[in-house]
Every structure is written in C-alpha cells, then in structure tokens.
Amino acid sequence: MPPKKRLLLIGGSGYLGQHLAPLAAPSYDLYATYQQSSAAITAGQALPLDLTNRNAVVALIQELAPEIIIHTAAINPGRGNDLAMQRVNVDGSRYMAEAANLVGARLVHVSSDVVHDGRHAPYADDAPPNPLNVYGQTKALGEAAVQAYCPHAAIVRTSLIYGLNVIDRSTAGFAAQLQRGETLALFSDVIRQPVWVEDLATALLKLGDLDFAGLLNIAGSQPITRELFGRKLLQWWQVGHETQICAGLAAEISDTIPLDLRLTLDKAEALLNMNLKGVDEVIKRSPNL
Ligand SMILES: NC(=O)c1ccc[n+]([C@@H]2O[C@H](COP(=O)([O-])OP(=O)(O)OC[C@H]3O[C@@H](n4cnc5c(N)ncnc54)[C@H](OP(=O)(O)O)[C@@H]3O)[C@@H](O)[C@H]2O)c1
C-alpha cells in the first residue's frame, strides 16, 4: 500500500471542518487546526493555529509539508468585526496561499456565494465578484489573494451549509429565538442553494486529489428561499413554534443582503462525478422520525 497523503485541514474545529475530518481520516494522514478550541475535532491530529500570524502559518506548513491543504477557516458574519474578517479572510488566506505555494501543496480554498451582488443570477463559476457587504468583500479579496499567491489553487464558492447530525449555527439561532417566545421573520425574497455538509466535505476531498485550478461553484442543486429553507430545517429538528414564524423581505431591511445567489453547478457535478443533492432530497433520505 502506498503511504497516505498528508492532508492539512485548516479550520478543523469549524462546522464544515468537524464534518470533513472524520470523512478524511481513514484515507489521509490528517492534521486539523483550531484557533480557540479543539473540542470539535474528533479525527486526525489537532493543532493550534492563528491565521493572522504569518510566521506561524508559514512555520506550520513548512514543518508539516502537507501534500494537500483544505482551507475552511474564516470569520463568518456574526463571529467577528470587520477588522477580524479582514485579518482572517483576506490576510490569513494570503499567508496560507503563500505557504502552500512555497511547499508545493495542493490548495483547496473555501469561499462563498456572498461574493456576488444577487442581481445577476444564476452565477457561472468564474463570474466576477461584486459583493454588497463587508463579509462578501473580505471573501472576494481572499479569493484574489489565493489566486495571486497560489495560482494552481482550487477556489470553491459555496452556499449555506447545513447537516442533519449537528445543527448548523443559523438554525440553532432561529430555534433559540423561537424558544424565547420571539417572532422569527425569515426572508422570502432571498434565494440560496444550501449544501449538505456531507456532500460539500466529499466534494472538497475529491477536489484535493485533482489538479483543477480556479473557481468552482459547489452548492446544493435546489434553489430555495431563506424562509422555506429555515422552515424545513426547523421542522426537521422538531423545534415547533411554527405560529411564531413569519415571512419578511430582506430588500425592505437592508441593501447589503444579496437576494438571488443561484449558482450553476454543471461544471462541479461533471468534474467531481457527483450529484449535489438539494434540501428535499437530503431530508427525504434522512427522515427525523
Ligand atoms: N456556514 C455557511 O453557511 C457558509 C456559507 C458560505 C460559505 N461558507 C464558508 O465555508 C467555510 C466554512 O464555514 P464554517 O461554517 O465551517 O465556519 P465556522 O463554523 O465559523 O468555523 C470557522 C473556523 O475558522 C477558524 N478560525 C477563526 N478564526 C481563526 C484564526 N484567526 N486562525 C485560525 N483559524 C481561525 C475557527 O476556529 P475556532 O472555532 O477554533 O476558533 C473554525 O475552525 C468558510 O470559509 C466560510 O466562509 C460558510
């Protein structure tokens, strides 16, 4: 048997990372990083890393010399201020790309559909970004840094990530709001293609073993409004309180929420030989009885 490839998973403690690690562990020599807590890392060797420290990023990658790096770490909305987003999503991604290029590692970088303005859907894989908010700006600048410093990297634009084993942070937040007796307004004018975390993790691992370079959309195949998606997941998690949920319009609240972020997926599905399942298909396969 040939030796297992060394895989460095940046952001192993995050929602995506904690699903990706157990999937990768049987086939790779796996190292998974965390910043604040390693508790969610259940597979591979956990390593602390602060992406804002360039020397630490370069030293870790030089020392490990991984064949593959999957970069899932980021400051997402609600998890840090604008400066933290800039330092992690832009500068940290740049350090990662520089270091990956230095050791000749295959880099798979995770970006977001929010790099788009939501006015020109469906978006092709290489559609130029035009973000409406700071998070989207930092994700777009992160993509540009990765392209500049590691031109052979694969850059994945994905959508809302959910799973049926661990509740995602948005749905958990909605559930908490309902349980406090509050009304929950879910946007009926916001369209996304939520991706099942197991499909996304599988796709990223496959991509790590290919030499595809450039931008690739990887999301679920079912476009759905934020309202309907929220309702379906809350129902699946048996949260109840349906009468407290109402429809709201993002366009009436803010002009920084991109409305329609449908993505074309034919390139990813052909390249990865995968059917990227939609929400209804995933829920149908895993009824919560
Ligand atoms: N979640 C979504 O719906 C969604 C949608 C579109 C795109 N994305 C993108 O998908 C990727 C994965 O998202 P996710 O939901 O899994 O994120 P997440 O749960 O918020 O996890 C973020 C990860 O980044 C790490 N991190 C934060 N600051 C760091 C720093 N300074 N140095 C090193 N690591 C740091 C965190 O470590 P600690 O927890 O240990 O601090 C954690 O492992 C991200 O690139 C995100 O932008 C997510």
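## A walk from helix α1 outwards

Start by selecting Leu16, Gly17, Gln18, His19, Leu20, Ala21 and Ala24: these are the buried residues of α1. "Buried" here is a count: 20 or more other C-beta atoms within 10 Å of the residue's own, while 12 or fewer makes a residue exposed and anything in between partly exposed, with C-beta atoms placed from the backbone. What you are looking at is a predicted model, where local features need pLDDT of at least 70 and side-chain atom pairs count only at pLDDT 80 or more, while totals for chains, interfaces and linings use all residues. For your selections, residues are numbered from 1 along each chain as its sequence is written.

**Around α1**

Now show the whole of α1, residues 15-24. Seven of its ten residues are buried, so the helix is largely enclosed by the rest of the structure. Element names follow DSSP runs, numbered from the N terminus: helices are H or I with at least four residues, strands are E with at least two. To see what covers the buried part of α1, add β1 (6-10), β2 (29-34), β4 (68-71), β7 (161-162) and α6, which are among the covering pieces.

Next, click on Tyr28, in the loop between α1 and β2. Is Tyr28 buried or exposed? Tyr28 has 24 other C-beta atoms within 10 Å, so it counts as buried. Leaving out residues up to four places away in sequence, Tyr28 touches Lys4, Lys5 and Leu7; touching, or contact, means that the C-beta atoms, placed from the backbone, lie within 7 Å. For a distance check, pick Asn101 too: Tyr28 and Asn101 sit 73 residues apart in sequence and 20 Å apart in space, C-alpha to C-alpha.

Then hop to Ser38, in the loop between β2 and β3 (45-48). With 16 other C-beta atoms within 10 Å, Ser38 is partly exposed. Its contacts, again skipping residues up to four places away, are Ser13 and Ala46. Draw a C-alpha to C-alpha line from Ser38 back to Gln18 and you should read 9.9 Å, for a sequence separation of 20 residues.

**Two domains and the core**

Time to colour by domain: domain 1 is 6-161 + 195-217 and domain 2 is 164-192 + 223-285, with bounds from an automatic or database domain assignment. Their C-alpha centres lie 23 Å apart. Domain 1 puts 26 residues into the contact and domain 2 puts in 20. On the domain 1 side, β10 (195-196), α6 (197-208) and β11 (214-217) each supply at least two residues. Which of the elements gives the largest share of that side? That's α6, with four residues. By type, the domain 1 side divides into 15 nonpolar, five polar and six charged residues. In this scheme Ala, Val, Leu, Ile, Met, Phe, Trp, Tyr, Cys and Pro are nonpolar, Asp, Glu, Lys and Arg are charged, and the others, Gly among them, are polar.

Select Leu9, Leu200 and Leu204 next; they have the most contacts inside the largest nonpolar core, which has 85 residues. A core of this kind is a set of buried Ala, Val, Leu, Ile, Met, Phe, Trp, Tyr and Cys residues joined through C-beta atoms within 7 Å. Both domains give residues to this core, so it lies between them. Zoom in on Leu200: beyond its neighbours within four places in sequence, Leu200 is in contact with Leu16, Thr158, Ile161, Val195 and Ile218.

**A helix crossing**

Show α5 (residues 169-179) and α7 (residues 226-236), whose axes come within 10 Å and cross at roughly 75 degrees. The two helices are therefore roughly perpendicular to each other. Axes are lines fitted to C-alpha atoms, for helices over the stretch in contact, and angles run from 0 to 180 degrees between N-to-C directions; under 35 degrees is roughly parallel, over 145 roughly antiparallel, 65 to 115 roughly perpendicular, and the rest oblique. To see the contact between α5 and α7, put sticks on Thr171, Phe174 and Ala175 of α5 and on Gly230, Leu233 and Leu234 of α7. That set has four nonpolar residues, two polar and no charged.

**Backbone stops**

- Ala121 to Pro122: the peptide bond is cis, with omega near 0 degrees. Pro122 is in the loop between β5 (106-112) and α4 (134-149).
- Ala65: phi is near 45 degrees, positive in a residue other than glycine. Look for Ala65 in the loop between α2 (54-64) and β4.
- His241: phi is positive at about 60 degrees, although His241 is not a glycine. His241 sits in the loop between α7 and β13 (245-248).

Note on methods. Two residues are in contact if their C-beta atoms, placed from the backbone, lie within 7 Å.
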